[in-house]
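Grab a pencil and open your viewer. Here are a few exercises to work through on one protein model, each with its solution.

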Amino acid sequence: MRSARAAGQTALERRAEPWRIGIDDWFEDVEERRALFAALIGADPDGVALVPSTSYGLGTAAKNLTAKAWQRVIVIADDYPSNVYTWRAFSRLHGCEVHTVERVPGGTWTDAVLAAIDERTAIVAVPNVHWTDGSLLDLVMIGEAARTVSARLVIDASQSVGAMPLDLSAVRPDFLVAVGYKWLLGPFGLGYLFVAPEHREGSPLEENWIAREGAEDFARLTDYTDAYQAGSRRFDVGERTFFEVTPVANAALRQLAEWTVDSVAATLGKITGRIESGARTLGVDVEGTAGRGPHMLGLRLPDATRAAAGEHFKKAGVSVGVRPGTVRISPHVYTTDEDVDRLLDALADLVA
């Protein structure tokens, strides 16, 4: 956004004169970012760690969970690779199984996951929506089912936080990770990890100075301590301050707070609804209509057509994501009626 770009320019100018940076600057913008994200998901700031990526957040969750050899970690088919790779490594470490859930034709991912949860389940690691087409998972139902068998719930919300509401108190995840560069409209490298209270005394992936108690007193940094800062700050990545881009993330989060996630979701639902209607008129099957997020949808096309779709749409001035099995459409609030017309015209040419 323009406001975020302006904040980034100001941040770069400050960074170019490092003598202007004081001790408070190492902490104030960072804590604002933590608080802004916490408010967005309905969490307390102490529950949020600042991480650089999905894989870092998932790796932190995996380090602080365990499973017995006879147990399973549930993931869904064709999930985003970082989630799959994390739990494959976890299963090798603990000798347990990664159980990949397939969705039956006409069924929902929620039904598939619920059917797989049993006494063998140690961890349920799922997204809020499938990254390829926006198909929705009911995290409240899945969370309730996981808790009945004492399983842990890990959510990759990178594809949904900022674009659709999340009732954290109802979902009750053990860990929830979100990148900042997608629906949070921020820069790369600045993501978020929510940690439930019972895990906040756990082990971080790394040991860095700024996560330690008393780090604000630079004159005493060699008074080494094993005590961490409060809450989930022990899980923060090193060099979390990111002087050049933290103000960019903060500007974006402030704008989302002003818009409200509910309003963003309502706006995007109208846009994707129009796209869905137009695609169906053209005879194109839309994946995820049995239940999808308001912000994205997937077009089901023959393999040969899908393979050509990316270049075809690019030539028409339309940006889409060719994903496994679908062409993903993910507009935002800047998408205009003219943009949708151009998309549907290009789709009509593609399937003619």
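What follows is a set of exercises on this predicted model, each solved step by step.

**Exercise 1. Find out which parts of the chain the salt bridge between Arg34 and Asp236 ties together, and whether its two ends are buried or exposed.**

Step 1. Start with the contact: the side chains of Arg34 and Asp236 meet with an N to O distance of 2.8 Å. A salt bridge needs such atoms within 4 Å, so the pair qualifies.

Step 2. Now place the two residues. Arg34 sits in helix H2 (residues 28-41) and Asp236 in the loop between E7 and H8, so the bridge ties together parts 202 residues apart in sequence.

Step 3. Check the accessibility, remembering that buried means under 20% relative accessible area. Arg34 comes out at 0%, so it is buried. Asp236 is buried too, with a relative accessible area of 0%.

Step 4. Look around the pair. Arg34 and Asp236 belong to a network of salt bridges that also links Glu31, Asp46, Arg233 and Arg240. For the wider picture, the structure holds 25 salt bridges.

**Exercise 2. Take the salt bridges Asp118 to Arg72 and Arg234 to Glu201, and work out where their ends lie and how accessible they are.**

Step 1. In the salt bridge between Asp118 and Arg72, the N to O distance is 3.8 Å. The pair links distant parts of the chain, 46 residues apart: Asp118 is in the loop between helix H5 (109-116) and strand E4 (121-127), and Arg72 is in strand E2.

Step 2. Asp118 has a relative accessible area of 17%, so it counts as buried. Arg72 is buried as well, at 7%.

Step 3. Move on to Arg234 and Glu201, whose closest N and O atoms are 3.2 Å apart. Arg234 and Glu201 are both in the loop between E7 and H8, 33 residues apart.

Step 4. This bridge has one end of each kind: Arg234 counts as buried at 10% relative accessibility, while Glu201 counts as exposed at 66%.

**Exercise 3. Describe the backbone angle phi at Asp78 and Glu239, and say where each residue lies.**

Step 1. Recall the background: most residues other than glycine have a negative phi.

Step 2. Asp78 isn't a glycine, yet its phi is positive, at about 60°. Asp78 lies in the loop between strand E2 (72-76) and helix H4 (81-94), and it is exposed, with 55% relative accessible area.

Step 3. Glu239 also has a positive phi, near 55°. Its place is in the loop between strand E7 (191-195) and helix H8 (246-259), where Glu239 is exposed at 67% relative accessible area.

**Exercise 4. How many cavities of 30 Å³ or more are there, and what lines the largest cavity?**

Step 1. The count comes to one cavity of 30 Å³ or more. About 50 Å³ of space lies in the largest cavity.

Step 2. Its lining is made up of Asp79, Tyr80, Pro127, Val129, His130, Trp131, Asp156, Ser158 and Gln159.

Step 3. Sort that lining by class and you get four nonpolar, three polar and two charged residues.

**Exercise 5. Which residues make the nonpolar surface patch of about 370 Å²?**

Step 1. The patch is made by Met1, Trp259, Val333 and Tyr334.

Step 2. Zoom in on Met1, which is in the segment before helix H1 (2-15). Patch members need over 30% relative accessible area, and Met1 is partly exposed at 31%.

Note on methods
Residues numbered from 1 in each chain as written. Predicted model: local features only at pLDDT ≥ 70, side-chain atom pairs only at ≥ 80, totals over all residues. Heavy atoms only, no water. Patch = residues over 30% accessible without salt bridge, like charges linked within 9 Å, V, L, I, M, F, W, Y side chains within 5 Å. Areas by Shrake-Rupley, 256 points an atom, 1.4 Å probe, with all protein chains shown as cover. Helix = DSSP H or I, 4+ residues; strand = E, 2+ residues; numbered from the N terminus. Buried < 20%, exposed > 50% of the residue type's maximum accessible area, 1.4 Å probe, protein only. 1 Å grid on protein atoms, 1.4 Å probe; cavity = no way out; pocket = protein on both sides within 12 Å on 5 of 7 lines; lining within 4 Å. Points joined across faces, edges and corners; volume = space filled by probe spheres on them. Nonpolar A, V, L, I, M, F, W, Y, C, P; charged D, E, K, R; others polar.
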